[in-house]
Structure formats: C-alpha cells, structure tokens
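Here are two short exercises to work through with the model open in your viewer. Try each task before you read its solution.

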Amino acid sequence: MITKRTRVVVLTGAGISAESGIRTFRGSDGLWENHRIEDVATPEGWRINPQLVWSFYQQRRKKLLHVEPNSGHLALVELERFLDSFLLVTQNVDNLHERAGSKNLIHMHGELEKLRCEECHAVEVMMEEKHLGEEILTCQQCGGRLRPHIVWFNEIPMQMQEIMEALTHCDLFIAIGTSGHVYPASGFLHKAQMHGAQTIVINLEPPENISFSDEFYQGKAGDVLPMLVRRWTQE
Ligand code: BV8
Ligand code: ZN
C-alpha cells in the first residue's frame, strides 16, 4: 500500500523516545509528576520563578548526554530514505530523531539543545558543559537573558504553516507514540483524514483521537516500526 511515491507525514510524541529512557509526560512516571505543568512549562511559570524553570530544563538537557536513538527512530530514517516525499513532525524536544539520521524534520514544540535570547531572539545550540549549570545564561550578542527554546503551553507551536501545508497534501499520515492529548498536534490526524489521507496510529494504548485512525497497531514503536517499515520497503 506504500510505494516510493507515496507522500508521507509522520507525527511523533514522547512514546517514541520512551525506549531510549526518556520519560513520557502522562505515563505513571511522567515528567510532570513532581512538577505542575503551569509551574515549569508555561510563560507564567517562567515569569514567576525563572530559576525553577531553568533548573527543570537543565536537568532534562543533561539527560540528553546519556540517551541514544532506538530502533523506532532508526526505522523512520529507513522510511525517509525509501520515500520521495517524507516529513517528520515531532512534538518531542529531545534530539534523538536528528541523531538517528532524520533529515526533513520539524520540532513543533522546540528543542532542548537550544536556548533563545529574550531580547534579540537569537537561537543557539548550547550544550557544552559551561551551558548546563544552574546559573541562568545571558546572550553573547546583546546581554539579554536566555530562555529554553521550547514552546510552552499557551505559546504558539513552531512552523505551523509548513505543517498544515504538508497535512493537506499527504497520502498517508502516521501518528506514533502520542496520547493525542495536546492541541494542535492532537488535531493533525483528523485534519489529514479530512484531506483524503490514509491514517495509521502506532501506540502502546489507543490514544484519545483514535477514532480518526484507519489502522491502529498496538505495541511499542521500537517493535512495530521496524516490522512495518521492512514490510513497506521490501514489498
Ligand atoms: C496552542 C514542550 C494556540 C514542553 C509541550 C483546553 C482544552 C484543549 C486545549 C487547551 C485547553 N487549554 C489550553 C489548551 C491548549 C494547549 C493544550 O493542548 N493543553 C492540553 C494540556 C489540554 N496547547 C497549547 O497551549 C499549545 N499552543 O494551543 O497555541 C495555537 C493553536 C494552533 C495554532 C496556533 C496557535 C502549545 C502546546 C505545547 C506545549 N509544550 N512540550 C516540554 O516538553 O517541556 S507539550 C508536551 O506534552 C510534549 O511536547 C507533547 O506534545 C505533550 C505530551 O504529549 P505526548 O507526546 O503525546 O506524550 P504523552 O506522555 O502524553 O503520551 C505518550 C504516548 O506514548 C502515550 O499514549 C503512551 O501510551 C505511548 N507510549 C509510551 N511508550 C511507548 C508508547 N507508544 C509506543 N511505543 C512506546 N514504547
Ligand atoms: Zn540577545
């Protein structure tokens, strides 16, 4: 059902990084457990207590140094190489897709590796030892305060124009490892289906938006994806 000319858009969520040891948000050991979302992942939280938010993200940035891409990330690289038209949109802020080799990739909720100046909006990858301390850093260019280059709740996701464009023109949309809880990402499945795409969900359990999926593969991304990609690329 997939040829190299099939135009594919993939959306990934925290579930694809779970097998690499990065905790999901709503799982029992979810990240937010010891922190309320509004305290650490909103502009309000940052305004009220920047040190708490800075430390929350530094702890997660340091974690990136100790995790590796898994077979699910690698299967998506194989799929991208097989297809003429492929876009990977991720809600994840980790760098595992790019480290696995994904090229056409959009981080719609930002990236842990990057910090952004609140004054001049310069964005830099800052992952050296000296960038991972508890001291809130300032901009090399203008001296402004740096913040995580992350889309917090009530902020606008990145590159929505490109994402909407891709959703209206794809033949197949695949959602992987996402609970379908956070908007607007949770609306992509329905949007793609409305524009005539086939839709597939790969998840440990049925996500909230499962009704918009033509096919559902229940299981771990690290097991299901390599099997599916092998079937699609060797047919
Ligand atoms: C916006 C960066 C306007 C932070 C993140 C009331 C009702 C509805 C919506 C709202 C509302 N009030 C406010 C809103 C909007 C809000 C929202 O949706 N809130 C939720 C809480 C209801 N959204 C926003 O504010 C967004 N902005 O709406 O702006 C707008 C809209 C359109 C166009 C222009 C402007 C901004 C949201 C971005 C927030 N930032 N991340 C950080 O990471 O620190 S969201 C964060 O949580 C993640 O990035 C991710 O997106 C989300 C977690 O979701 P998942 O990735 O799905 O992870 P989760 O743990 O939930 O699920 C994992 C799944 O994997 C599970 O189903 C599990 O079963 C499965 N799984 C586990 N292991 C595996 C597996 N599957 C396969 N294999 C495995 N091994
Ligand atoms: Zn600056």
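Keep in mind throughout that this is a predicted model.

**Exercise 1: the metal site**

Task: Find the donor atoms of the zinc ion (ligand 2), work out the geometry of the site, and decide how Cys120 and Cys139 rank as buried or exposed.

Solution:
- Start with the donors: the SG atoms of Cys117, Cys120, Cys139 and Cys142 coordinate the zinc ion (ligand 2) at 2.3 Å.
- Next, take the angles. Those among the four donor atoms run from 99 to 119°. Four donors count as tetrahedral if all angles lie between 85 and 135 degrees, so the site of the zinc ion (ligand 2) is tetrahedral.
- Now read the spacing along the chain, which is C-x2-C-x18-C-x2-C.
- Cys120 sits in the loop between strand S4 (110-117) and strand S5 (123-125), while Cys139 sits in the loop between S5 and strand S6 (146-150), so this pair ties together parts 19 residues apart in sequence.
- Finally, check accessibility: Cys120 has 36% relative accessibility and is partly exposed, whereas Cys139, with a relative accessible area of 8%, is buried.

**Exercise 2: the largest pocket**

Task: Describe the lining of the largest pocket by its elements, its residue classes and its domains.

Solution:
- Begin with the volume, about 820 Å³. Of the 39 lining residues, Ala14, Thr24, Phe25, Arg26 and Ser179 are closest to the pocket's centre.
- Turn to the elements: helix H1 (15-18), helix H4 (50-63) and strand S8 (198-203) each supply at least two lining residues.
- Sort the lining by class, and you get 18 nonpolar, 15 polar and six charged residues.
- Last, the domains: domain 1 (1-21 + 69-109 + 157-235) and domain 2 (23-66 + 111-150) each give at least three residues to the lining.

How values were computed
Residues are numbered from 1 along each chain as its sequence is written. Chains are lettered from A and ligands numbered from 1 in the order in which they are written. This is a predicted model: local features need pLDDT of at least 70, side-chain atom pairs count only at pLDDT 80 or more; totals for chains, interfaces and linings use all residues. Side-chain values use heavy atoms; hydrogens and water are left out. Donors are N, O and S atoms within 2.8 Å of the metal (3.2 Å for Na, K and Ca); water is not among the atoms, so sites may look incomplete. Four donors count as tetrahedral if all angles lie between 85 and 135 degrees; four count as square planar and six as octahedral if opposite donors are over 155 degrees apart and all others between 65 and 115; anything else is irregular. Helices (H or I, at least four residues) and strands (E, at least two) are DSSP runs, numbered from the N terminus. Buried means under 20% relative accessible area, exposed over 50%, partly exposed in between (1.4 Å probe, protein chains only). On a 1 Å grid over the protein atoms alone, a cavity is a set of points where a 1.4 Å probe fits but cannot get out, and a pocket is an open set with protein on both sides within 12 Å along at least five of seven lines; lining residues have an atom within 4 Å of a point. Grid points are joined across faces, edges and corners, and a volume is the space filled by probe spheres set on the points. Ala, Val, Leu, Ile, Met, Phe, Trp, Tyr, Cys and Pro count as nonpolar, Asp, Glu, Lys and Arg as charged, and the others, Gly among them, as polar. Domain bounds come from an automatic or database domain assignment.
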